[in-house]
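Let's take a friendly walk through a protein model and look at its empty spaces, its cores and a few of its residues. Please keep the 3D view open as you read.

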Amino acid sequence: MEIPRTDGAAPALDPELSRALAALGDAVREPLTPENLAAQQEQDIATRARPTVQELRADGLFEVDELRVPGRGVTLVSARPAGAAGPLPLLYYMHGGGMVVGNAPSVVPQLLREWALPLGLAVISVEYGLAPQVRYPEPVEDCYAGLVWAAEHARELGIDANRIIIGGKSAGGGLAAALALLTRDRGGPAPIGQLLLCPMLDDRNTTFSSHQMAGVDIWDRTSNATGWQALLGDRFGTPDLSPYAAPARATDLSGLPPAYIDVGSVETFRDEDVAYADALWRAGGQAELHVWPGACHGFDSLAPDAALSQDARDARTRWLRRVLTQSANRET
């Protein structure tokens, strides 16, 4: 399908986000390319936080363990509020990073602070393999192996295998969507919800917003193509690509758990994420969609104190609480 040409204009950034981006300088908009990928990965390893288990325990506030899934050797960072009684619902989470950077421990403090404590959740963050060192299907298979293992060991982990929410941000959101499809089709653990935060869903890079935000969003179509190509290699953009690689390719979205999808209006992923919500509705499923006006990719991380970021976090928390409450009511 031919994408209509734009006049080059994009929706205006929210003023608070615009000021935050300006303060970060031009480097934040430098696109990821095949030529600078290795250097960007090295920089990420050197600069991104990777808290230890002891640090994550926060002087005894949380119980935290690093676990290994036999067979695949996948590392899971498992955490929960200290002293929490009874089996807890689980948020099984995949970090972001365009499939090429990021790590599991770095996201755990925020997950614990924003959701585990107020909602009484256990959290597992997955250390899936990064591209291009590993390629599809390895990352999603890492996530599936961890999910199956956690459900099978629910009793010893102190979690409720019937109340698992899968989630992730950006690349992790795409992996969460793929995992929902994969576990449905394999008859694996059945999540009660999927939390998809600005999910990376479509390798084809042909939506209107992918063109409109070229050179505008901090993750633009150049970076997006680099990430997808690193993951898919020769399969990048091919007609018969599996939906477990790129969930936007799915033709059957029936029988999936309720979804929360959010994205910014000034974001490369805007149109593919809106289309995914629409496809879930057309398949008879449930999806709560938020398109945050004036928001770019990862806005809530770039400007956590902005009003828009606070609204987004509040909306996610309300959805999680509602899903958990509904699942608890069904069990009683």
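What follows is a short tour of this predicted model, from its open and closed spaces to some single residues.

## Pockets and cavities

Rolling a probe the size of a water molecule over the atoms shows where empty space is left. How much volume does the largest pocket have? Its volume is about 1500 Å³. The lining of this pocket is made by 41 residues, and those that lie nearest its centre are Asp44, Arg48, Gly97, Val101 and Ser301. Helix 2 (37-47), helix 4 (104-119), helix 11 (299-302) and helix 12 (307-331) are the elements that give two or more residues to this lining. Helix 4 gives the most, with seven residues.

The structure also holds two cavities of 30 Å³ or more. The table sets the three spaces side by side, with the classes of residue that line each of them.

| Space | Volume | Nonpolar residues in lining | Polar residues in lining | Charged residues in lining |
|---|---|---|---|---|
| Largest pocket | about 1500 Å³ | 16 | 16 | nine |
| Largest cavity | about 100 Å³ | 13 | one | no charged residues |
| Second largest cavity | about 40 Å³ | seven | one | one |

Which residues surround the largest cavity? There are 14 in its lining, and Met99, Leu175, Trp228, Leu231 and Ala245 lie nearest its centre. Helix 5 (138-152), helix 7 (171-186) and helix 9 each supply at least two residues of this lining. Helix 7 gives the most, with four residues.

The second largest cavity is lined by Ser78, Ala79, Arg80, Leu90, Ala122, Val123, Ile124, Leu157 and Ile159. Here strands take part: strand 2 (74-81) and strand 4 (122-127) each supply at least two residues of the lining.

## Two helices beside the largest cavity

Helix 7 is worth a closer look. At 1.5 Å a residue, its 16 residues should span 22 Å, and its end C-alpha atoms are indeed 22 Å apart. Is helix 7 enclosed or open? Because 13 of its 16 residues are buried, helix 7 is largely enclosed by the rest of the structure. Just after this helix comes Gly187, which takes a positive phi of about 70°.

Helix 9 (residues 221-232) has 12 residues. From its first C-alpha to its last it reaches 16 Å, close to the 16 Å expected at 1.5 Å a residue. Its buried residues are Ser223, Asn224, Thr226, Gly227, Trp228, Ala230, Leu231 and Leu232. Helix 2 and helix 5 are among the parts that cover these buried residues. Two names from this list, Trp228 and Leu231, also lie nearest the centre of the largest cavity, together with others.

## The nonpolar cores

In soluble globular proteins, nonpolar side chains tend to be buried together. In this model, the largest nonpolar core has 64 residues. Those with the most contacts inside it are Leu76, Tyr92, Met94, Leu179, Tyr276 and Leu280. A second, separate core has 38 residues, including Val64, Val77, Trp115 and Leu308.

Leu76 makes a good example from the largest core. Leaving aside its neighbours within four places in sequence, Leu76 is in contact with several residues, among them Tyr92, Ile124, Val126 and Trp149.

## Three residues to find

Start with Ala246, in the loop between helix 9 and strand 7 (259-264). Why does Ala246 count as buried? Its relative accessible area is 0%, and buried means under 20%. Beyond residues up to four places away in sequence, Ala246 touches Leu201, Asp203, Trp228 and Leu241. Ala246 and Leu201 are 45 residues apart in sequence, yet their C-alpha atoms are 5.2 Å apart in space.

Next, look for Gln40 in helix 2. Gln40 is partly exposed, with a relative accessible area of 24%. Not counting residues up to four places away in sequence, Gln40 touches Glu30, Leu32 and Val101. Gln40 and Val101 lie 61 residues apart in sequence and 8.2 Å apart in space, C-alpha to C-alpha. Val101 was met earlier, as one of the residues nearest the centre of the largest pocket.

Last comes Arg270, found in helix 10 (residues 270-282). Is Arg270 buried or exposed? Arg270 is buried, with a relative accessible area of 13%. Leaving aside neighbours within four places in sequence, its contacts include Pro11, Phe208, Met213, Val263 and Val291.

Note on methods
Residues are numbered from 1 along each chain as its sequence is written. This is a predicted model: local features need pLDDT of at least 70, side-chain atom pairs count only at pLDDT 80 or more; totals for chains, interfaces and linings use all residues. Side-chain values use heavy atoms; hydrogens and water are left out. Buried means under 20% relative accessible area, exposed over 50%, partly exposed in between (1.4 Å probe, protein chains only). Contact means heavy atoms within 4.5 Å. On a 1 Å grid over the protein atoms alone, a cavity is a set of points where a 1.4 Å probe fits but cannot get out, and a pocket is an open set with protein on both sides within 12 Å along at least five of seven lines; lining residues have an atom within 4 Å of a point. Grid points are joined across faces, edges and corners, and a volume is the space filled by probe spheres set on the points. Ala, Val, Leu, Ile, Met, Phe, Trp, Tyr, Cys and Pro count as nonpolar, Asp, Glu, Lys and Arg as charged, and the others, Gly among them, as polar. A nonpolar core is a set of buried Ala, Val, Leu, Ile, Met, Phe, Trp, Tyr and Cys residues joined through side-chain atoms within 4.5 Å. The expected span of a helix is 1.5 Å times one less than its number of residues.
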